[in-house]
Each structure stands twice: as structure tokens, then as C-alpha cells.
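User: Before we go through this model, I would like each term justified against its rule. Could you begin with the rule for polar pairs across an interface?

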Amino acid sequence: MAMKKTIKNLQPARVFSDPIVEELLDNVPEELKQQVERRMMLAAKIIDSIEAKGWNNLRFAHEMDKHQSEISKWLSGTHNFTVETLVSIELKLGIQLIDCTNPYNKPKRRIRSSKPKPKSPASR
Amino acid sequence: MNFEIIKLRRFSGTQCSVYSVLLTEEGKTLYSKFVDENRKLFSKELEEIVTVINAIAHKTGAKAEYFRLNEGLPGDGVCALYDLQNSNLRLYCIRYGKNLIIIGGGKRKNVRSWQDDPDLAAQVKLMMKISKVITERIRKEKSPLDFWDMKF
């Protein structure tokens, strides 16, 4: 009689290194990688915020006065948002998607002093 | 056809576990066959798709919105990764919530629905069959859904 397998007797799925996958992933240009990841994370933040408000996507579409098909594209992780759309979403959901106001992220500016530099001893 | 559900090492992330279907006789996964068949004509799309899967595994999880759901039978989890902009290259998957997906194969979709293209239909029907076999195994052996010993 065949013994019924118990969970103890089962092995987890094999971990498989697919060389074709590895090669493809290793050769993706960094710029493309960042673009794709940012689009998906943007969509993820919007999705999570919709859920946090207790809405579903249909309600969000209604709030944004858009067809649900357009919202589906927005949330698919493939959409290139305009700044105008991002600002509208920010206001509707009460979140921040574009962040250019953090002073700690400002690029450092070199400030030129108006006082002449003292001459070095070697040049005197 | 004998196959095995295997976990793809490179896509083993904290947000989602990514599996594929290893065809035992061929020694290749459905996903690597998909890449092989489309790399000449759709290299950029393939780069984007692999980056999407990598992001799902490591950054965001398999959010339902990233997929076209209900491509197969109701409740079987068969879906397609949302088409990239200006691309009709379709990759079919089985989604078990946001933490586990099985990626399969696919091809370019030039028709309104997959039923209208025999090759596309073959891909979807294969994923439907795999989903059914997995469900039966889990129900029969009461094993958890992380593919313990999934050789068929």
C-alpha cells in the first residue's frame, strides 16, 4: 500500500538557476532598470494609498472623474504619469508622490566669497 | 508531459516568490523558452519584462493591478502581466496572491482575445492545466502553497 506523504516527507521546490534569466537580468541597462522600478513603485504607493482610504479602484476612478480603464493603466506599473496627474492624485489621496521640497536634498551650491583670497607665502 | 515547479533563484525576493515550470524532458523552463523565442524581435520588451518581474520579487510584490486577471477559468489564478506601453508581448502567469507567482510562457498578441490565436491559446491552456494540477495536488495532500515536491 503506498504510504501517504506527510508534510515532513515532502521536499520544498528546487531552487533553479536559469542561465537565460541571469544573463538577461545582468544586461539590463541601469537607466531602464530604474525607470521600470520607479514606475512600479509609484503605482504601488498609489494602490496602497487607495486601500488605506478604504476605497476600491472603482471609487478612486469616480473620485478622479476618470474611466476605470484609465485607472487600470495608471495602476499597472507601466504608465508614464504627467506632473499634472501626479499632483491631482496627491491632492485626492492626501499623499506625496513628487518630492522636490526637502532642503536636505538640495544640491550644494558653491558660495563665492567677495573678499580677496590672501596671497600664499610662496607668491609674496 | 512531465513538469516540475521550480523556484527561480534570481527572482527569490522578500516581496514575492517567483516560480516557473520546468519541462522535464527539455530541461528548460517555460519562461526561458519564452525569452529564447522572442529575444531577436523583442529584446527591449524582454529587458523590461524581466525588470518588472525582478521588481515584483524584490520591491513591490505581485499586486493584482500589475496583471490582467481572469485570463483562464474563474478562480484558477491564470493571468497575464500587463502589457508594456507600445508592446503586445504577452507573458502568462498564475498568481496566488501578492506573494507567489508562477511565470509561464507567452508570445505577441495580435488578436482581440487569446482564443483567436492558436499559439496564444496553447500557452493559456497550458497554464490552466498546470493550475488545475497544482490545485488538485494541494487539495489531495493538504500541502501548503509553497510548492513542496511539485513534480508531475
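Analyst: A polar contact is a pair of N or O atoms within 3.5 Å; within protein, one must be able to donate a hydrogen and the other to accept it, and residues adjacent in sequence count only if both atoms are side-chain atoms. By that rule, 13 residue pairs, both members at pLDDT 80 or more, are in polar contact across the interface of chain B and chain A. This is a predicted model, in which local features need pLDDT of at least 70 and side-chain atom pairs count only at pLDDT 80 or more, while totals for chains, interfaces and linings use all residues. Residues are numbered from 1 along each chain as its sequence is written, chains are lettered from A and ligands numbered from 1 in the order in which they are written, and side-chain values use heavy atoms, with hydrogens and water left out.

User: Which elements of chain B supply at least two residues each of the side that touches chain A?

Analyst: They are β1 (3-8), β2 (17-23), α1 (30-38), α2 (43-60) and α3 (118-141) of chain B, where helices (H or I, at least four residues) and strands (E, at least two) are DSSP runs numbered from the N terminus. The largest share of that side, 12 residues, comes from α2(B). Taking contact to mean heavy atoms within 4.5 Å, 45 residues of chain B are in contact with 42 residues of chain A.

User: What makes the pair B:E4 and A:R14 a salt bridge?

Analyst: The term requires a side-chain nitrogen of Lys or Arg within 4 Å of a carboxyl oxygen of Asp or Glu. The side chains of B:E4 and A:R14 meet at 2.9 Å, N to O, so the pair satisfies that cut-off. The rule finds eight salt bridges across the interface of chain B and chain A, and the structure holds 19 over all chains.

User: Why does the salt bridge of A:D26 with B:R10 join two chains?

Analyst: A:D26 lies in helix α1 (residues 19-26) of chain A, whereas B:R10 lies in the loop between β1 and β2 of chain B, and the pair therefore joins two chains. The closest N and O atoms of A:D26 and B:R10 are 2.8 Å apart.

User: Which residues does B:K7 touch, not counting those up to four places away in sequence?

Analyst: B:K7, which lies in strand β1 of chain B, touches A:R14, A:V15, A:F16, B:S12, B:S17, B:V18 and B:Y19. The C-alpha atoms of B:K7 and B:S17, 10 residues apart along the chain, are separated by 7.4 Å.

User: What makes a space a cavity, and what makes it a pocket?

Analyst: On a 1 Å grid over the protein atoms alone, a cavity is a set of points where a 1.4 Å probe fits but cannot get out, whereas a pocket is an open set with protein on both sides within 12 Å along at least five of seven lines; lining residues have an atom within 4 Å of a point. The structure holds one cavity of 30 Å³ or more, and about 80 Å³ of space lies in the largest cavity. Residues of both chains line the largest cavity, among them A:M40, A:S76, B:I49 and B:Y66. The largest pocket is lined by A:R38, A:M41, A:L42, A:K45, A:F81, A:L86, A:Q96 and A:L97, of which helix α2 (residues 30-52) of chain A gives the largest share, four residues.

Terms used. Grid points are joined across faces, edges and corners, and a volume is the space filled by probe spheres set on the points.
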